[in-house]
Amino acid sequence: SDPQQQPSSLSSSSSIQSPALATSTSSASPSAPHTSASFHIPTASSTSTTTTATSNKNECVSNLSPLATTVPPSLSRRILHKQGVGFIDSQVSTITSIAADRFLATVLSQAMACRNRRIKGEDILKEERKKTKEYRKRKRLEFKERNLAKEKERVIRRDANMALVAADAALKEQQGLMGAAAG
């Protein structure tokens, strides 16, 4: 890992990047702190010993390339480059794109869950309003029926009282006629 070899490996890996990134990477000075010249990330091809973990990593990374991601790897590369993240392995942008896809999927899933809860809450609220409206309507009907029953009872009592008054008046009249006839 000679520090002077790293800038050349950086410019060779810049052929993988988009043309706009390749020109900015190749024109970057090796002494700049934000270039990848100050970082050395060993890849499986740069290590002399191969372990099963490394071979598993290589298999996983090689399987990443055919994936179609929502966030294109070129966009991830551009954002990483603008933020000063230098990397030698071209799969970093693919992994970053997959992580961004995962993040977007999580955010969208949670947003849909919140929307569903809100809609469910609105439906529950609408159902409660409907029940309240039906309850009030039923209570108004019961109130009207009670008032009608009270009115009928009052009319029946009034008619009964009138009949008693008429019967009393008739009885007094009859007693008055009988007293006058007897006297």
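The following questions and answers introduce a predicted model of a protein chain.

Local features here need pLDDT of at least 70 and side-chain atom pairs count only at pLDDT 80 or more, while totals for chains, interfaces and linings use all residues. Residues are numbered from 1 along each chain as its sequence is written, and side-chain values use heavy atoms, with hydrogens and water left out.

Trainee: What is the mean pLDDT of the protein chain?

Mentor: The pLDDT is the predictor's confidence in each residue, on a scale from 0 to 100. It stays under 50 over residues 1-42, and over residues 44-50 the pLDDT is below 50 as well. In the protein chain, 63% of the residues reach 70 or more, and the mean pLDDT is 74.

Trainee: On how wide an arc around the axis of H4 do Ser76, Arg77 and Leu80 lie, and what does this say about their side of H4?

Mentor: Helices are DSSP runs of H or I with at least four residues, numbered from the N terminus, and H4 covers residues 73-82. Within H4, Ser76, Arg77 and Leu80 are buried, where buried means under 20% relative accessible area, exposed over 50%, and partly exposed in between, with a 1.4 Å probe and protein chains only. The arc is that of the directions from the helix axis to the C-beta atoms. These residues are on the same side of H4 because they cover an arc of only 100 degrees.

Trainee: How many residues apart in helix H5 are aspartate 168 and lysine 172, which form a salt bridge?

Mentor: A salt bridge is a side-chain nitrogen of Lys or Arg within 4 Å of a carboxyl oxygen of Asp or Glu, and for aspartate 168 and lysine 172 the closest N and O atoms are 3.7 Å apart. An α-helix has 3.6 residues a turn, so residues three or four places apart point the same way. Aspartate 168 and lysine 172 are separated by about one helical turn, because in helix H5 their distance in sequence is four residues.

Trainee: Is lysine 172 buried or exposed?

Mentor: Its partner aspartate 168 counts as partly exposed, at 37% relative accessibility. Lysine 172 has 54% relative accessibility and therefore counts as exposed.

Trainee: Which residue does arginine 157 form a salt bridge with?

Mentor: Arginine 157 is partly exposed, with a relative accessible area of 48%, and lies in helix H5, four residues from its partner. The closest N and O atoms are 3.4 Å apart, and the partner is glutamate 153.

Terms used. Contact means heavy atoms within 4.5 Å. Helices (H or I, at least four residues) and strands (E, at least two) are DSSP runs, numbered from the N terminus.
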